[in-house]
Amino acid sequence: MLTVLVLVGRERATELISRIESIPEVCVLSHTHDSSLALARARVLLPDALVIDVSAPSWDADAVVLRARGLGPASEVILHADGRLPPDGLVRTLTRLARDQHSV
C-alpha cells in the first residue's frame, strides 16, 4: 500500500483526493492546505509520497519542496499542477510508485 500525504488548496481538495483515492493500492493518510502542517504531519506519518498541489495557498513552492526533500526517511515529492502535466499524470505517477513498491 502506497501512503500519500496531500498539500492542496481547499477549492481543489475534494477533486484531487478523489482522483488519488481511485488508484488501487494507494491510501491518502492526510491532507491539508497549510504547508507547515503538511510538513509536520509528514515528519510524523512518514508517507511514501508527498503530493504538493500548486493550489495550496500562500506558499513558496521551492521552499516547501526543499524542506519536504529533507525529511527522513525520504518521501517521494510530487509537484502537481494541472495543465503543466498530461491529464492524469499524477495518477500515472502514483500508480507507478505503488507498482514499484510491490516489486520490492
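In what order do the four strands form the open sheet? Going across this predicted model, you read β2-β1-β3-β4, and the pairing is parallel. At the edges sit β2, covering 26–32, and β4, covering 76–80, each of which pairs on one side only. Step from one strand to the next and you pick up a twist that averages 25 degrees.

Now zoom in on the β2 side of the sheet. Strand β1 takes in residues 2–7, and six bridges join it to β2, with the two running parallel. If you want one pair to click on, try Val6: its bridge partner in β2 is His31.

Next, bring in the helices. Helix α1, residues 10–21, lies across β1, β2, β3 (49–53) and β4. Relative to β2, helix α1 runs at about 165 degrees. Helix α2, residues 35–45, lies across β1, β2 and β3, and its angle to β2 is about 140 degrees.

Last stop: the surface. Which residues form a nonpolar patch there? They are Leu29, Val44 and Leu45, and together they have about 270 Å² of accessible area. Leu29 takes us back to the sheet, as this residue is found in strand β2, the edge strand we met earlier. Is Leu29 buried or exposed? Somewhere in between: its relative accessibility is 37%, so it counts as partly exposed, given that buried means under 20% and exposed means over 50%.

Technical notes
Residues numbered from 1 in each chain as written. Predicted model: local features only at pLDDT ≥ 70, side-chain atom pairs only at ≥ 80, totals over all residues. Heavy atoms only, no water. Pairing = 2+ DSSP bridges. Axes fitted to C-alpha atoms, helices over the stretch in contact; angles between N-to-C directions. Contact = heavy atoms within 4.5 Å. Patch = residues over 30% accessible without salt bridge, like charges linked within 9 Å, V, L, I, M, F, W, Y side chains within 5 Å. Areas by Shrake-Rupley, 256 points an atom, 1.4 Å probe, with all protein chains shown as cover. Salt bridge = Lys/Arg side-chain N within 4 Å of Asp/Glu carboxyl O. Buried < 20%, exposed > 50% of the residue type's maximum accessible area, 1.4 Å probe, protein only.
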